[in-house]
Amino acid sequence: MAIDLRSCACGSGLRYARCCGLDLNTLSPPQATEPLRPLLAEASAALQKGEAERAEALVLRLLELAPAWEDALTLLYAVRRRQNKAAAAEVLLRRIVALNPNNFWATNELGLTLFQRGALAEAETYARN
């Protein structure tokens, strides 16, 4: 079986199979990400120091191992926002909200993003949730 190494067309930087083509039924349980927490902390520290490329590389590696890890997706969202990659950032927000509709921050951020883009009807949907 060949592994598709192409990047996803959405611009997230992830492979299609780990991004828009991800089958949510094949994911590991959330507690499986615990051993990866030090790497997430390292990526977050790199971003805070202004080392966006290093943070990006680390978080992409994390998401290859745990593609639905909400904390890692949030960090990649922050990286994409810093890089002014609005479309990729929006895709990541949508993924976070799809994985956890009760994430107030992500739902609110997605609503604001849609509002700023002029997608008022869709923004209102997220504002009501």
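This is a short guided tour of a predicted model, moving from the whole chain to single residues and then to two pockets.

**The whole chain**

Start with everything shown as a cartoon. You will find 6 helices and 0 strands, so colouring by secondary structure needs one helix colour and a shade for the rest. Walking from the N terminus, the order of elements is α-α-α-α-α-α.

Now switch to the C-alpha trace and turn it around. Along its principal axes the trace spans about 40 × 35 × 30 Å. How does the radius of gyration of the chain fit with a compact globule? For 129 residues such a globule would come near 14 Å, and the chain has 15 Å, which agrees. If you colour by accessibility, 39% of the 129 residues count as buried. Contacts across the sequence are worth a look too: among those between residues at least 6 apart, 45% join residues at least 24 apart.

**Helix α2: Leu58 and Glu64**

Select residues 52-65, which make up helix α2, and pick out Leu58 within it. Is Leu58 buried or exposed? Leu58 has a relative accessible area of 8%, and because the cut-off for buried is under 20%, it counts as buried. Show its surroundings as sticks: leaving aside neighbours within four places in sequence, Leu58 is in contact with Leu39, Glu42 and Ala43. For a sense of distance, draw a line from Leu58 to Pro35; these two are 23 residues apart in sequence, and their C-alpha atoms are 14 Å apart in space.

Stay in helix α2 and move to Glu64. Glu64 has 28% relative accessibility and so counts as partly exposed. Which residues does Glu64 touch, not counting those up to four places away in sequence? They are Arg15 and Arg18, so add both to your selection to see a charged group together. A second distance to draw runs from Glu64 to Ala89: the pair is 25 residues apart along the chain, with 17 Å between the C-alpha atoms.

**The loop between α3 and α4: Asn84**

Next, select Asn84, found in the loop between α3 and α4. At 69% relative accessibility, Asn84 counts as exposed. Check its backbone as well. Most residues other than glycine have a negative phi. Phi of Asn84, however, is near 60°, a positive value in a residue that is not glycine.

**Helix α4 and the loop after it: Glu90 and Asn103**

Go on to Glu90, in helix α4. Is this charged residue buried or exposed? Glu90 counts as buried, because its relative accessibility is 11%. Show what lies around it: beyond its neighbours within four places in sequence, Glu90 is in contact with Leu110, Thr113, Leu114 and Arg117.

Then select Asn103, placed in the loop between α4 and α5. Asn103 has 13% relative accessibility and therefore counts as buried, although it sits in a loop. Where does its side chain reach? It comes to the backbone nitrogen of Trp105, at 3.2 Å. With neighbours within four places in sequence left aside, Asn103 is in contact with Glu70 and Ile96.

**The largest pocket**

Now turn on a surface and centre the view on Ser28, Pro29, Thr33, Ala68 and Trp69. Of the 18 residues lining the largest pocket, these lie closest to its centre. The volume of this pocket is about 360 Å³. Colour its lining by class and you will see 11 nonpolar, 3 polar and 4 charged residues.

**The second largest pocket**

For the last stop, select Arg81, Ala86, Ala87, Ala89 and Thr113, which lie nearest the centre of the second largest pocket, among its 13 lining residues. Which elements give two or more residues to this lining? They are α3 (70-82), α4 (86-99) and α5 (104-117). The most comes from α4, with 5 residues. This pocket has a volume of about 170 Å³, and its lining consists of 5 nonpolar, 3 polar and 5 charged residues. While you are here, look back at two residues from earlier stops: Ala89, the far end of the line drawn from Glu64, and Thr113, one of the contacts of Glu90.

Note on methods: Residues numbered from 1 in each chain as written. Predicted model: local features only at pLDDT ≥ 70, side-chain atom pairs only at ≥ 80, totals over all residues. Heavy atoms only, no water. 1 Å grid on protein atoms, 1.4 Å probe; cavity = no way out; pocket = protein on both sides within 12 Å on 5 of 7 lines; lining within 4 Å. Points joined across faces, edges and corners; volume = space filled by probe spheres on them. Helix = DSSP H or I, 4+ residues; strand = E, 2+ residues; numbered from the N terminus. Buried < 20%, exposed > 50% of the residue type's maximum accessible area, 1.4 Å probe, protein only. Polar contact = N/O pair within 3.5 Å; in protein donor to acceptor, adjacent residues only side chain to side chain. Contact = heavy atoms within 4.5 Å. Rg over C-alpha atoms; globule rule 2.2 N^0.38 Å.
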